[in-house]
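Let's take a stroll through a two-chain model together. Have the structure open beside you and follow along.

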Amino acid sequence: MKRLSDDRAKILFEKLSKFVGPNVKQLIDRPDGTYCFREHRDRVYYVSEKILKMAETFGPDRLICVGTCFGKFSKTNKLKFHITALNYLAPYAQYKVWVKQSFEQQYLYGNHIPKSGLGRITENCPQYQGVVVYSMSDLPLGFGVTARSTMDCKMADPLANVCFHQSDIGEYIRSEDTLF
Amino acid sequence: MEVVKEILEKQQKDLEKYKPITVEKHLDCRIDVGTLLITDPNDLDEGLLKENKEEYLKDITRDNLQLLINEIWTLPTERVEESIVAVLPLPTTSLPRSRKIPGPKVMTKWEKFAKEKGIQKKKKDKKVFDETLDKWVPTYGFKRADAEKQKEWVLEVPKNVNPMEDMFQKKIDLRQEKVAKNEIQRMKNIVRAKRQETPRAGYLGPEAASSTQLLTAATIAKASTASVGKFQAKIAKEKQARGIGVKELIPGSKRKASHLSTVPEKEANLDLIRSVLHKKPKIDVDKAVSLQKKESRLEREAMEDGGQRKKKGGKGGKKGGSGGFKKSKGGKKPKGGMGQRAPGKKNAIGRKRR
């Protein structure tokens with residue numbers, strides 16, 4: 001368990017701000033106690049300080065996971081979010097995409113969203129913007145990146161990808177052993 | 001009688017010249033007869049030392065030497081050709097080595113493998129009985145080659161081999177190849193043994209160092225400031241050296257980053273977030289200038305185009321509001337280099353535009 005180095009913290013906040021924009025502050029500046037980010041085995045964990053202090057009594061080789069795993073740093077120092085981060089991304093998300101009922105299952109198997117599967121999309125969403133994907137009943141299913149801006153979506157043909165898949169809740173089953 | 005008395009007196013006088021063979025010491029001296037060594041633990045008398053240093057030290061040395069000689073005389077002696085000889089016992093003092101004790105010999109690749117697999121060396125007989133020659137033949141060394149020659153005086157040429165090939169020469173070649181291979185393996189073993197002694201830290205020079213060694217050297221050098229490299233500028237895509245035992249070499253890296261620090265983590269994080277959120281895209285001046293140039297050029301072209309058409313008195317001066325330059329795609333012949341240009345290549349085709 002260690003504090004994120006400055007460059008890694010920067011990478012993390014840049015990535016977070018892609019999804020939640022200025023709401024990143026609310027992850028750090030919380031009224032219900034201090035929360036912080038910690039790095040362990042190249043993974044980033046979001047933990048309350050109370051739990052962190054208890055967890056620090058364990059050696060790094062004994063510890064598997066603390067708090068919420070946000071993602072993992074690759075060997076080239078790029079951060080990849082895990083689906084476990086969805087709990088904190090969804091409430092603060094600025095841009096959202098809703099999938100049609102018929103496409104929900106396909107999305108949960110890890111497919112990109114074509115225009116035919118798109119139910120709704122936030123207005124004025126730019127291209128390559130991090131978005132949280134919802135079902136039509138407003139259940140967060142995962143997150144991804146828009147392949148086209150909202151304007152372009154209107155013009156796109158039905159099979160063209162609108163949103164690139166990054167992560168979905170199907171991963172809780174599919175990649176159970178590598179998730180935490 | 002007088003003569004005897006005289007002699008005795010003379011002897012007495014002679015003896016007075018010498019000091020007695022018994023020596024009194026406050027503390028016993030340690031004597032190692034094996035190395036003919038005596039160690040005197042007694043303190044020196046400061047007053048006497050200052051008074052007459054040389055004489056005093058000489059006296060002490062004589063006394064100690066007397067003790068050593070006394071000790072030697074206690075050993076059993078024998079007489080060999082007019083001289084008295086004693087056999088010294090084994091030395092009890094252990095002397096320090098001048099060089100370090102050599103480490104264990106580095107195993108060759110085969111030895112290592114054999115040890116792993118539990119293969120044991122079998123001793124070969126020096127001579128074996130050869131049934132074709134009907135006599136005992138050495139397995140190696142003197143007269144072995146001779147015996148081989150006698151045994152294989154003729155060699156069969158297999159069917160699949162060129163009949164003109166010299167089978168004897170082939171055999172010699174094969175053997176030489178084996179010898180060469182063994183030599184290479186021997187060299188490799190030496191290299192392997194030597195490599196363990198090469199230093200891990202430090203700079204070996206651009207020829208000798210591997211990329212990981214260079215990276216380690218760079219990282220160590222960077223962290224070797226008074227502030228363990230905290231204020232050292234970062235290079236883009238800089239890599240941190242890693243590997244087994246590398247961290248121990250980098251100054252300051254052993255320090256554990258705790259959750260307690262001088263700047264509260266929350267404030268530091270909020271600062272970072274602020275900088276991330278207010279980051280403005282960097283202006284690439286070259287690109288902006290080239291874009292501007294391109295735009296103005298297109299504009300000018302559109303203007304020119306329009307003027308030309310007017311001169312011709314053509315029907316379609318301006319059709320619609322779709323912008324002038326699109327029209328140039330009409331009937332005009334294509335201009336060179338209007339599309340994507342290969343970067344870095346000088347555009348030789350077409351008219352030079354200013």
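Leaving out residues up to four places away in sequence, which residues does A:V20 touch? The answer is A:L89, A:Y92, A:A93 and A:Q94, where touching, or being in contact, means that the C-beta atoms, placed from the backbone, lie within 7 Å.

Before going on, a word on the ground rules: this is a predicted model, where local features need pLDDT of at least 70, side-chain atom pairs count only at pLDDT 80 or more, and totals for chains, interfaces and linings use all residues. Residues are numbered from 1 along each chain as its sequence is written, while chains are lettered from A and ligands numbered from 1 in the order in which they are written.

**Around A:V20 and A:L89**

You'll find A:V20 in helix α1 of chain A. Helices (H or I, at least four residues) and strands (E, at least two) are DSSP runs here, numbered from the N terminus. Is A:V20 buried or exposed? It is buried, because 21 other C-beta atoms lie within 10 Å; the rule is 20 or more for buried, 12 or fewer for exposed, and partly exposed in between, with C-beta atoms placed from the backbone.

Along the sequence, A:V20 and A:L89 are 69 residues apart, yet their C-alpha atoms are 6.5 Å apart in space. Setting aside neighbours within four places in sequence, A:L89 is in contact with A:F19, A:V20, A:V132 and A:F143.

A:L89 also turns up in the largest nonpolar core, which has 43 residues. Such a core is a set of buried Ala, Val, Leu, Ile, Met, Phe, Trp, Tyr and Cys residues joined through C-beta atoms within 7 Å. Those with the most contacts inside this core are A:L89, A:V97, A:V131, A:V132 and A:V133. Its largest share, 6 residues, comes from α1(A).

**The sheet**

Chain A also has an open sheet of 6 strands, in the order β7-β11-β10-β9-β6-β8, with mixed pairing. Strands pair if DSSP finds at least two bridges between them. β7 (113-114) and β8 of chain A are at the edges with a single partner strand each, so one side of each has no neighbour in the sheet. Further in, β6 (residues 96-99) and β9 of chain A pair in the parallel sense over 4 bridges, and A:V99 stands opposite A:S135 in β9(A).

**Two loop residues**

Here are two residues that have a positive phi although neither is a glycine.

| Residue | Phi | Loop in chain A | Other C-beta atoms within 10 Å |
|---|---|---|---|
| A:Y128 | about 55° | between β8 (118-121) and β9 (130-135) | 11 atoms, exposed |
| A:D138 | about 60° | between β9 and β10 (140-146) | 9 atoms, exposed |

**Where the chains meet**

Now for chain B: 15 residues of chain A are in contact with 10 residues of chain B. On the chain A side, β1 (2-3), α1 (6-20) and α2 (24-28) each give two or more residues, and α1(A) gives the most, with 5 residues. That side divides into 7 nonpolar, 2 polar and 6 charged residues; Ala, Val, Leu, Ile, Met, Phe, Trp, Tyr, Cys and Pro count as nonpolar, Asp, Glu, Lys and Arg as charged, and the others, Gly among them, as polar.

Over in chain B, helix α1 (residues 2-17) has 16 residues and reaches 23 Å from its first C-alpha to its last. That's close to the expected 22 Å, which is 1.5 Å times one less than the number of residues. This helix, α1(B), is hardly covered: its count of buried residues is 0.

Terms used
Two residues are in contact if their C-beta atoms, placed from the backbone, lie within 7 Å.
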